[in-house]
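Here's a quick briefing to read alongside the structure. Have a look at the helices and how they pack before going through the points below.

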Amino acid sequence: MSDIFIGIASDHAGFELKERLIAWMKEKRYVYKDFGAYSEESSDYPDFGHPLALAVEKGECRFGIGICGTGVGINIVMNKHQGIRSALCWRPEIARLTRAHNDANVLALPGRFLSEQEAIDIVESFLSTEFEGGRHIRRIEKIPVL
């Protein structure tokens, strides 16, 4: 694994929240890689979601954070990758449960529907929760399409 811990990506609709989360990650001294978008100019979430998902699959990033307007589009894109378990979260409790029960490795956020503090609380919950294993392992093993 490289020294990149968290990958983060957005389209134009998630750009502002992505930038705020990057500032927060810098303050917290998280190691991260920004996969774009790099402005609020109209862009397409697959252009940024696929590279983020590939980096998580390859182990270049332990976790990913994807942001678009609703979080749905970028979540769909990232879940097309076999090694990704992306979860759309809008509350810290959902983020905690998706890590604990689903071993999610990517967090999708609805950029147009969260305040900066709500997003930070969700990211903190996601990053601080470990996978419980146990009975959840057999379910996760049934996810990949062979």
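Contact here means heavy atoms within 4.5 Å. By that yardstick, P46, G49, H50, L52 and A53 of helix 2 meet I74, V77 and M78 of helix 3. Keep in mind that this is a predicted model. The points below start with that helix pair, then turn to a histidine, another helix pair and the first helix.

**Helix 2 against helix 3**

- Sorting the residues of this contact by type gives six nonpolar, two polar and no charged.
- Helix 2 covers residues 46-58 and helix 3 covers residues 72-79; their axes come within 9 Å and cross at roughly 40°.
- That crossing angle makes helix 2 oblique to helix 3.
- As for handedness, helix 2 goes past helix 3 in a right-handed crossing.

**H81, just along the chain**

- H81 sits in the loop between helix 3 and strand 4 (86-88).
- Is H81 buried or exposed? H81 is buried, because its relative accessible area is 12% and the cut-off for buried is under 20%.
- Leaving aside residues up to four places away in sequence, H81 touches H50, A53, L54 and E57.
- Two of those names should ring a bell: H50 and A53 also turn up on the helix 2 side of the contact with helix 3.

**Helix 4 against helix 5**

- Helix 4 (residues 92-102) packs on helix 5 at an angle of about 20°, and the axes are 8 Å apart.
- That angle makes helix 4 roughly parallel to helix 5.
- Here too the handedness is easy to state: helix 4 passes helix 5 in a right-handed crossing.
- On the helix 4 side, the contact uses P92, A95, R96, T98 and R99, while helix 5 brings in D121, I122, S125 and F126.
- By type, the residues of this contact split into four nonpolar, two polar and three charged.

**Helix 1 and its cover**

- Helix 1 runs over residues 15-28, and its 14 residues reach 20 Å from the first C-alpha to the last, close to the 20 Å expected at 1.5 Å a residue.
- Which residues of helix 1 are buried? They are F15, L17, K18, L21, I22, W24 and M25.
- The cover over those buried residues includes strand 1 (6-10), strand 2 (32-34), strand 3 (63-68) and strand 5 (106-110), along with helix 5 (116-128).
- Just after helix 1 comes R29, with a positive phi of about 65°.

Technical notes
Residues numbered from 1 in each chain as written. Predicted model: local features only at pLDDT ≥ 70, side-chain atom pairs only at ≥ 80, totals over all residues. Heavy atoms only, no water. Axes fitted to C-alpha atoms, helices over the stretch in contact; angles between N-to-C directions. Helix = DSSP H or I, 4+ residues; strand = E, 2+ residues; numbered from the N terminus. Parallel < 35°, antiparallel > 145°, perpendicular 65-115°, else oblique. Left-handed = near helix turned anticlockwise from the far one by under 90°. Nonpolar A, V, L, I, M, F, W, Y, C, P; charged D, E, K, R; others polar. Expected span 1.5 Å × (residues − 1). Buried < 20%, exposed > 50% of the residue type's maximum accessible area, 1.4 Å probe, protein only.
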